[in-house]
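Biologist: I would like to learn how to read a protein model step by step. Could you take me through one, giving the general idea before each case?

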Amino acid sequence: MELINTIGRRKTSVARIYFKPGKGKIVVNDRDMGEYFPSPILQTIVKQPLVSTELDNKYDIKINVGGGGSTGQAEAIRLAISRALCKVDEEHRPTLKKEGFLTRDPRMVERKKYGKRKARRAFQFSKR
């Protein structure tokens, strides 16, 4: 197996990953994952597909991610890793599908409307 590359998206984040056999090293934007995502919750989100398929120390992953915030980026990476695992072995697909890691979350920020303070929040009403 050679280098596999996939893409994952969430909100406005886009993650491109390069997946190859190795020792389990994960590098995000040329930094160690622990340094890029200091929160253990976000690190867990990134590793979820690897843990559920029991392949957490079998592949080296190089990730380029941009746009959005840290949660969106972590979930975009999770989708990309799940897609890469399906390319490696189609046997992983039912496990990842059951966990919901192969579904691209379609929720986006609702746009602000004119005459409103936010998307739905109106300005304060004053009777007098």
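The dialogue below goes through the core, one helix and the salt bridges in turn.

Modeller: Please keep in mind from the start that this is a predicted model.

Biologist: Let me begin with the interior: which residues of the largest nonpolar core touch the most other members?

Modeller: The general idea is that in soluble globular proteins nonpolar side chains tend to be buried together. In this structure the largest nonpolar core has 29 residues, and those touching the most other members are Phe19, Val28, Phe37, Ile77 and Ile81. At least two residues of this core come from each of strand 2 (13-21), strand 3 (26-28), helix 1 (33-36), helix 2 (40-52), strand 5 (59-66) and helix 3 (70-88).

Biologist: Which element supplies the largest share of this core?

Modeller: Helix 3 does, with eight residues.

Biologist: Turning to helix 2, how should I read a single helix, and which of its residues are buried?

Modeller: An α-helix has 3.6 residues a turn, so residues three or four places apart point the same way. In helix 2 the buried residues are Leu42, Ile45, Val46, Pro49 and Leu50, and what covers them includes strand 2, strand 3, helix 1, strand 5, helix 3 and helix 4.

Biologist: How far does helix 2 reach from its first C-alpha to its last, and where does a kink lie in it?

Modeller: Helix 2, with its 13 residues, reaches 17 Å between those two atoms, which is close to the 18 Å expected at 1.5 Å a residue. A kink of about 45° lies at Val46, shortly before the proline Pro49. Just after helix 2, the residue Glu54 takes a positive phi of about 60°.

Biologist: I would now like to follow the charged side chains; how many salt bridges does the count come to?

Modeller: Side chains of opposite charge can pair when their charged atoms come close. Here the count comes to seven salt bridges. In one of them the side chains of Arg10 and Glu75 meet at 2.7 Å, N to O. Arg10 lies in strand 1 (residues 4-10) and Glu75 in helix 3, so this pair ties together parts that are 65 residues apart in sequence.

Biologist: Are these two partners, Arg10 and Glu75, buried or exposed?

Modeller: Arg10 counts as buried because its relative accessibility is 7%, and Glu75 counts as buried because its relative accessibility is 18%, the cut-off for buried being under 20%. Leaving aside residues up to four places away in sequence, Glu75 touches Arg10 and Ile45.

Biologist: Which other residues are linked with Arg10 and Glu75 in a network of salt bridges?

Modeller: Asp105 and Arg107 are linked with them in that network. The side chains of Arg10 and Asp105 meet in a salt bridge at 3.5 Å, N to O. This pair links distant parts of the chain, with Arg10 in strand 1 and Asp105 in the segment after helix 4 (93-99), 95 residues apart. Asp105 is partly exposed, with a relative accessible area of 22%.

Biologist: For another case, how should I read the pair Glu110 and Arg120?

Modeller: Their side chains meet in a salt bridge at 3.0 Å, N to O. Glu110 and Arg120 each lie in the segment after helix 4, ten residues apart. Glu110 counts as partly exposed at 37% relative accessibility, whereas Arg120, at 64%, counts as exposed.

Technical notes. Residues numbered from 1 in each chain as written. Predicted model: local features only at pLDDT ≥ 70, side-chain atom pairs only at ≥ 80, totals over all residues. Heavy atoms only, no water. Core = buried A, V, L, I, M, F, W, Y, C linked by side-chain atoms within 4.5 Å. Buried < 20%, exposed > 50% of the residue type's maximum accessible area, 1.4 Å probe, protein only. Helix = DSSP H or I, 4+ residues; strand = E, 2+ residues; numbered from the N terminus. Contact = heavy atoms within 4.5 Å. Salt bridge = Lys/Arg side-chain N within 4 Å of Asp/Glu carboxyl O. Expected span 1.5 Å × (residues − 1). Bend = angle between axes of the 7 residues up to and from the residue.
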